[in-house]
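Visitor: I should like to learn how to read the features of a structural model, taking them one at a time. Could we begin with the pairing of strands?

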Amino acid sequence: MIKPKILVIEDNDQNLYLVTFLLEKKGFAVVAARNGRDGIQMACEQMPELILLDIQLPMMNGYEVARQLRRVDALKAVPIVAV
């Protein structure tokens with residue numbers, strides 16, 4: 001059985017732990033990125049079914065990350081939820 005993959009882009013350790021714990025408990029596969037640049041790269045490599053995106057990230061804020069993700073044709077249909 002293939003688990004649906006969710007990418008969490010989050011720099012806060014506690015938030016990342018909690019979200020990962022809850023999603024994995026519900027049967028999702030979770031991949032994580034700690035900043036926007038890594039998140040964009042992971043999204044392109046992993047092709048998740050959903051992206052949970054922190055708005056307040058170091059180096060590049062969540063709004064800019066979302067704009068860059070939407071420029072990638074293969075990711076245009078992937079829902080992005082701002083956290």
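Visitor: Which residue of E4 stands opposite isoleucine 51?

Guide: The model is a predicted one. To read a pairing, one follows the bridges from strand to strand. Here isoleucine 51 stands opposite isoleucine 80 in E4. That pair belongs to the pairing of E3 with E4, which is parallel and extends over three bridges.

Visitor: Which residue stands opposite isoleucine 51 of E3 in the other pairing?

Guide: That residue is leucine 7. Strand E1 (residues 5-9) and strand E3 (residues 50-53) run parallel and are joined by four bridges. Among the bridge partners, isoleucine 9 is matched with leucine 53 in E3.

Visitor: What is the order of the strands in the sheet?

Guide: A sheet is read by listing its strands from one edge to the other. This open sheet has four strands in the order E2-E1-E3-E4, and the pairing is parallel. Strand E2 (29-33) and strand E4 (80-82) stand at the edges; each has a single partner strand, so one side of each lacks a neighbour in the sheet.

Visitor: By how many degrees are neighbouring strands of this sheet turned against each other?

Guide: On average the turn is 20°, with direction ignored.

Visitor: Let us turn to a helix. Is threonine 20 buried or exposed?

Guide: Burial is read from relative accessibility, with a cut-off of under 20% for a buried residue. Threonine 20 has a relative accessibility of 17% and therefore counts as buried. This residue lies in helix H1 (residues 13-25).

Visitor: Which backbone oxygen lies 2.8 Å from a polar atom of the threonine 20 side chain?

Guide: It is the backbone oxygen of leucine 16.

Visitor: How does one read the empty space inside a model?

Guide: Empty space left among the atoms is revealed by rolling over them a probe the size of a water molecule. In this structure there is one cavity of 30 Å³ or more. The largest cavity holds about 40 Å³ of space.

Visitor: Which residues line the largest cavity?

Guide: The lining consists of Val8, Ile9, Glu10, Val19, Leu52, Leu53, Asp54 and Val83. E1 and E3 are the elements that give two or more residues to this lining. By class, six of the lining residues are nonpolar, two are charged and none is polar.

Visitor: How does the cavity relate to the pairing discussed earlier?

Guide: Ile9 and Leu53, both in the lining of the largest cavity, are also bridge partners.

Key: Residues are numbered from 1 along each chain as its sequence is written. This is a predicted model: local features need pLDDT of at least 70, side-chain atom pairs count only at pLDDT 80 or more; totals for chains, interfaces and linings use all residues. Side-chain values use heavy atoms; hydrogens and water are left out. Two strands pair if DSSP finds at least two bridges between them. Axes are lines fitted to C-alpha atoms, for helices over the stretch in contact, and angles run from 0 to 180 degrees between N-to-C directions. Buried means under 20% relative accessible area, exposed over 50%, partly exposed in between (1.4 Å probe, protein chains only). A polar contact is a pair of N or O atoms within 3.5 Å; within protein, one must be able to donate a hydrogen and the other to accept it, and residues adjacent in sequence count only if both atoms are side-chain atoms. On a 1 Å grid over the protein atoms alone, a cavity is a set of points where a 1.4 Å probe fits but cannot get out, and a pocket is an open set with protein on both sides within 12 Å along at least five of seven lines; lining residues have an atom within 4 Å of a point. Grid points are joined across faces, edges and corners, and a volume is the space filled by probe spheres set on the points. Ala, Val, Leu, Ile, Met, Phe, Trp, Tyr, Cys and Pro count as nonpolar, Asp, Glu, Lys and Arg as charged, and the others, Gly among them, as polar.
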